[in-house]
Amino acid sequence: MSRREGIIVAIDGPAGSGKSSTAKAVAQALGYRHLDSGAFYRALTFAALRAGLPPERWPELSLVELDTLAVRADPHGDGYRLQVGGRAVARELRSPEVNAHVSQMAAVPAVREWLLGALRQAGARGALVADGRDLGTVVFPEAELKLFLVCAVRERAERRLKEQGVAAPSGEQIDAEAERLVARDALDSGRAVAPLLRAPDAVLLDTTGLPFAAQVELIVRLARERGAARPSA
């Protein structure tokens with residue numbers, strides 16, 4: 001703890017609850033680095049699909065096979081840049097195909113072992129705002145501030161569709177996406193490996209109808225109360 005540059009803020013919650021966008025804005029406000037743990041899972045999912053590995057084979061993947069997918073995460077600016085096969089990936093990680101399979105990849109035991117060390121290493125010095133599904137319970141149980149974001153499923157569905165480029169989603173599109181999110185919630189919460197759970201000491205924050213600036217301001221204030229200060233240059 002004494003070697004840290006700042007505190008760790010761990011933000012967990014289901015898909016579409018606003019974790020990543022909120023965490024990124026909070027990190028910028030604090031002068032911290034942002035770690036999107038979900039992007040690591042997405043990069044592995046994208047790499048496996050690109051390599052032609054069928055999802056039904058994923059539970060059998062070994063650490064050696066995961067290494068052959070050539071996924072890397074390098075510190076870049078105020079966050080991390082993900083690469084697959086030496087090529088930077090970003091938009092590809094939010095494709096419908098990756099969205100449909102990322103929970104299956106996250107449930108693979110070897111994937112958890114493969115990623116856990118990397119995520120903890122990223123937070124070793126602190127001064128980090130990280131978001132995901134098991135950061136407060138598994139990855140950073142010692143984090144000074146933990147939050148668990150929730151949001152009404154239809155609002156989450158609309159957010160996800162807009163992230164995917166649907167500017168004005170119809171009611172039918174929102175309903176269909178909401179069904180997919182409910183199914184994914186069940187998979188994420190019920191998996192044996194690192195399930196989606198709220199840490200007992202996590203602050204519960206309902207973002208339904210809450211203006212984005214207000215939720216960022218609230219989390220920044222809580223972080224300041226827990227000892228966050230802008231890291232020295």
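This report describes the largest pocket, selected salt bridges and two individual residues of a predicted model.

## The largest pocket

The largest pocket encloses about 1200 Å³ of space. Its lining comprises 50 residues, and those nearest the centre are S20, S21, H34, D36 and R94. By class, the lining residues divide into 16 nonpolar, 16 polar and 18 charged.

Among the elements of secondary structure, helix 2 (residues 37–50) gives the most to this lining, contributing six residues.

## H34 in the pocket lining

H34, one of the residues nearest the centre of the largest pocket, belongs to strand 2 (residues 33–36). The relative accessible area of H34 is 12%, so this residue is classed as buried; the cut-off for that class is under 20%.

The side chain of H34 is joined to the side chain of D131 by a polar contact of 2.7 Å. With residues up to four places away in sequence left out, H34 touches S20, A23, K24, A27, D78, G79, Y80, V129 and D131. S20 thus appears both among the contacts of H34 and among the residues nearest the pocket centre.

## A salt bridge between distant parts of the chain

The model contains 15 salt bridges. One of them pairs the side chains of R94 and D36, with an N to O distance of 3.5 Å. The two partners lie 58 residues apart and link distant parts of the chain: R94 is in the loop between strand 5 (87–88) and helix 4 (96–106), whereas D36 is in strand 2. Both R94 and D36 are also listed among the residues nearest the centre of the largest pocket.

The partners fall into separate accessibility classes. R94 has a relative accessible area of 32% and is therefore partly exposed, while D36, at 16% relative accessibility, counts as buried.

## Salt bridges within helices

In helix 7 (residues 153–163), R159 and E155 are separated by about one helical turn because they are four residues apart. These residues form a salt bridge in which the closest N and O atoms are 3.0 Å apart. R159 is partly exposed, with a relative accessible area of 22%, and E155 is likewise partly exposed, at 25%.

A similar arrangement occurs in helix 8 (residues 171–190), where D188 and R184 are four residues apart and hence separated by about one helical turn. Their salt bridge has its closest N and O atoms at 3.5 Å. Here D188 counts as buried at 1% relative accessibility, and R184 counts as buried at 11%. Salt bridges with shared partners join R184 and D188 with R133 into one network.

## A178 in helix 8

Helix 8 also holds A178. A178 has a relative accessible area of 9% and is therefore buried. Leaving aside residues up to four places away in sequence, A178 touches V153 and A157.

A178 and A127 are 51 residues apart along the chain, and their C-alpha atoms are separated by 35 Å.

Methods:
Residues are numbered from 1 along each chain as its sequence is written. This is a predicted model: local features need pLDDT of at least 70, side-chain atom pairs count only at pLDDT 80 or more; totals for chains, interfaces and linings use all residues. Side-chain values use heavy atoms; hydrogens and water are left out. On a 1 Å grid over the protein atoms alone, a cavity is a set of points where a 1.4 Å probe fits but cannot get out, and a pocket is an open set with protein on both sides within 12 Å along at least five of seven lines; lining residues have an atom within 4 Å of a point. Grid points are joined across faces, edges and corners, and a volume is the space filled by probe spheres set on the points. Helices (H or I, at least four residues) and strands (E, at least two) are DSSP runs, numbered from the N terminus. Ala, Val, Leu, Ile, Met, Phe, Trp, Tyr, Cys and Pro count as nonpolar, Asp, Glu, Lys and Arg as charged, and the others, Gly among them, as polar. Buried means under 20% relative accessible area, exposed over 50%, partly exposed in between (1.4 Å probe, protein chains only). A polar contact is a pair of N or O atoms within 3.5 Å; within protein, one must be able to donate a hydrogen and the other to accept it, and residues adjacent in sequence count only if both atoms are side-chain atoms. Contact means heavy atoms within 4.5 Å. A salt bridge is a side-chain nitrogen of Lys or Arg within 4 Å of a carboxyl oxygen of Asp or Glu.
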